[in-house]
Each structure stands twice: as structure tokens, then as C-alpha cells.
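User: Please take a close look at one part of this model, the interface between the two chains. I would like one connected account.

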Amino acid sequence: MSEIAEKVKAIIIDKLGVEASEVTPEASFTNDLGADSLDTVELIMEFEKEFNVSIPDDQAENIGTVGQAISYLEEHAK
Amino acid sequence: MSLRRVVVTGLGALTPVGKTAPAYWEGLVAGRSGAAPITRFDAGKFKTRFACEVKDYNPDDYFDRKEGRKMDIFTQFGLIAANEAIEDARLNEEGIDKDRVGVIWGSGIGGLTSLQAECIAFANGDGTPRFNPFFIPKMIADSSSGNISIRHKFRGPNFVTTSACASSSDSIISAFNYIRLNMADVIVTGGSEAAITESGVGGFNALKAMSERNDAPEQASRPYDKERDGFVLGEGAAALVLEEYEHAKARGAKIYAELIGGGMSADAYHITAPDPEGNGVVLVMQNALRDAGIKPEEVDYINTHGTSTPLGDGAEVKAIQKVFGEHAYDLNISSTKSMTGHLLGAAGAIEAVACIMAMQHDMVPPTINHFTDDPELDPKLNFTFNEAQRREVNIAMSNTFGFGGHNTSVIFRKVSE
């Protein structure tokens, strides 16, 4: 697993209070990991801070699973 | 329409002298001080470096990490005390119509810890706003009543009263009124506060309101002592379940006491200083006695506001003497803030619990830390100095006053059929 993927998983585990085993690439933040709308806003902000990127709202809407977050950040992280 | 009777059927408390209602009462009767050096932050440069903290508080003992993280500490305190009272009153049993159960909470300040943290983070950044989405819902004072209702699915009236240090007495009176007026059958009320932060301590120091007795924290809160030099900041919460009398009887609830009257008034004098003549305080006690329909002579115990400030203590005592006349000498008077410190918006709630426990046990908790008589105060008054006193307590009154000139007084009575 890439370094970015490791960090993304760690942020999700920390913010959503879930077990590492639940954080699979297919896992949806809202359907599988118990996030509500505010949790997902906070996750996106944490990704922005950790990876020093700015994620526009229209793109943030497309980040709904662990895998989608990892691929977006692998592409855009500086 | 006749007003319905309201009784207390559940109690909870999380305080600097005990972390449950029974432990709190035990701490009061033992005369235990909750004051100690501040552990929440480095207070090295502050004028006051001690406070009455809830001891060894760890949110993980009460909440899973995700849940705890989304609540300011003042809401955590409130939910803990409310949970205890709700369990005590068995409000989660079947047969309770949760559409008729409300939550009316009190907090003078709200989520100061969250406000401070977010402002510091912004100030330390480069101007890019990175405010946490949970910041506002954690900070606003009504997040306390909101979270209590969400946890227990209580869908009745829900809001928070804010009147500084009178906040949770006002929430108790509001709850009382809503039940009396048949707008709810049960209301979880009380208050919580957590302002032992840099901004809280620094702000109150700037007002010259707090004791600076750093060499003897446990002796700093000394209401009615000649050498008193200000209040000691406390934190915590207390909760009361108020319930319509017939509703409580029908389900066989344990009834602690009846709430028989509430009074409110304003000093209309100064934003922080008390009216030295105590006119607003006279008025509030008269209003409460009238609402309760009792004579002053029937009151056994007054849990005073008595914060240990030079001006406030004297004004309240003067007012008590005006309202109660000769009977003032037969009263037991005590300020439990000598032990708990001043819980600001939660003071009314924890002191209401103290009054109810005093009736339960026929025991008056003391005003500790009395060393030197204040010549300005009538020596014939019984301030219950230093040790608890056994006494039949049938009617107890609790006074609270807040910055802004808000005065509130509530009266409880042992339950009669």
C-alpha cells in the first residue's frame, strides 16, 4: 500500500472511530463507516491539510469511498 | 385552568467534590473542598492558578471516542449528569410517552473550549479559513439540550436558558412552568459549565472577580469570612428530572421533593456589580415565596448564591434579613460554593440538588472555610459554618444571581399527599 493510502486510512480510522479492518477500498464513508454529512466535510478538510491540497466542492462530492479518496489524493497530492 | 403540581423524580451530578449525585452529597456533608491547582492548561502566568475542576475527568470513561470528540466538554458534562438523572428516574422504561418529555438546560457560556481552540487555530494559520464543521454545533450553548434529547429520543420542548450564573435556575423554573401549564409531562432540566480555560480564567481575572489566594486554594472560597477575596471558578453539571405529580405517582416513580415556587427579577443596576442594597434580591425571594404560596417563616434552609466576593455576599445577607425579618435567625443559611467553587451557569442546578438532598437527609451542608467573622454581617445569623448541621428541612430555597443583574430563586418542599 502506498504511503498516501496508509495516511488516508489512518485519518479515517481516527476521525470516524472505526476499526482498520473496516477501512477497505470499497467502503463508503456514509453507508459503511457511519459518517454523517459533517463527518465527510471534516474528512475532506483533514485530507486537504495532511496532503496540502485544495479539493473543490464539486470534486469532493465524488469522494465517497476509501478507494476514491486514495486515488484522488495519489493524483493531486503535492 | 389550575396549575399542575411538579415533583423531582431523578437526580444527577458531576461536580468538583463528587462525580455522581450521591458522591456529591457525601462530599458536601464531609465539607470537602474541590479547589486545587489548575491542570487543564499552564496557568503559570495567570493571577489565579487554581480552580475547582472535576477531578480525573476522562471523556473516554463515558463516551466512545467518536461521540466524545463531537461534543464540547460542557456538553459532555451535561450529558453525563443527565444520563444519571434519567436512569435514576427510569425515563427510558416502556410506557413513557417521549413526545411529552422535554429538555430545558442552562449554560452561562457554552462551548468556550471549542471557541477558543478554533480561534487560536485560525490566528496561527495563513488566513485560510479551516474551521472544523463541528465547531459551531460544539460551541453553541443549546448543543447541550440538543444532545441530551438525541441520546434519549425526548421530543418535547427543548432549549437552553442563558442568564450567566442564574442560567440553570432559570432552566428549572422554565421546566416547572412548562409542566405546570401542561405543555409537557416530564422535563430533564439542569445545567452544565466548563470554562476553566485560558480565556475563562483570564477573563474573570480581568474583572477582578476571582480569588487570587494561590498559596491556599482549598481555603480560597470562603463566603461570609472577613478575608474573602473573590469566587473560585468551578466546572461540572447537575440534572433534575421534573415530572407532573400524577404522572409520577401513576408510574410509581421515586419522588424526592416537590418544586413549589420560582421567582425571577433583575437588579437593573450594573452589568457586573450587585446592587449594594440588594433590592433585586429582596424582590426575587418575595416573588418566589408568593409563587410557592408560603410564608417566609416556613422556610428552613437557604442555599445562598454566596460566591465569596466582598460585595455580593453582604448584599444577599442584607436582603435575606429584609425578607425574613426575625425568622432570618431561625434559618440555616449556607453557601456550598465554599466547597464546589462557582459553577457559573451550572450553579443553580447543583445547588438545587444540594437543597433536595438536604431535605432527603435532614442535614444542612456547611459553609466551609470560616476563619474570621465579618463585622458587617449579623453574628446572630446561622451560616452553618465549617460543619454540616442536622436539622429537619421541610422547605429549602436556592438563590442564584448572574452578571447582567439576573436574580432567580427556587423553592422545594418535602412531598405531602
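Analyst: Here is the interface, followed by the annotated serine.

This is a predicted model: local features need pLDDT of at least 70, side-chain atom pairs count only at pLDDT 80 or more, and totals for chains, interfaces and linings use all residues. Residues are numbered from 1 along each chain as its sequence is written, chains are lettered from A in the order in which they are written, and side-chain values use heavy atoms, without hydrogens and water.

Ten residues of chain B are in contact with 15 residues of chain A (heavy atoms within 4.5 Å). The two chains bury about 970 Å² between them, 47% of it on carbon and sulfur atoms. Buried area is the accessible area (1.4 Å probe) lost on putting two parts together, summed over both. On the chain A side, A:Leu38, A:Glu42 and A:Met45 lose the most area to chain B, together 44% of what that side buries.

The rule finds five salt bridges across the interface (a side-chain nitrogen of Lys or Arg within 4 Å of a carboxyl oxygen of Asp or Glu). A:Glu48 forms a salt bridge with B:Arg130; their closest N and O atoms are 4.0 Å apart.

Helix H2 of chain A gives the largest share of the side that touches chain B, six residues. Helices here are DSSP runs (H or I, at least four residues), numbered from the N terminus.

A:Ser37 lies in helix H2 (residues 37-51) of chain A. An unreviewed UniProt entry annotates A:Ser37 as "modified residue: O-(pantetheine 4'-phosphoryl)serine"; such annotations may be inferred rather than shown by experiment. A:Ser37 counts as exposed because its relative accessibility is 55% (exposed means over 50%, with a 1.4 Å probe and protein chains only).

Terms used. Helices (H or I, at least four residues) and strands (E, at least two) are DSSP runs, numbered from the N terminus. Buried means under 20% relative accessible area, exposed over 50%, partly exposed in between (1.4 Å probe, protein chains only).
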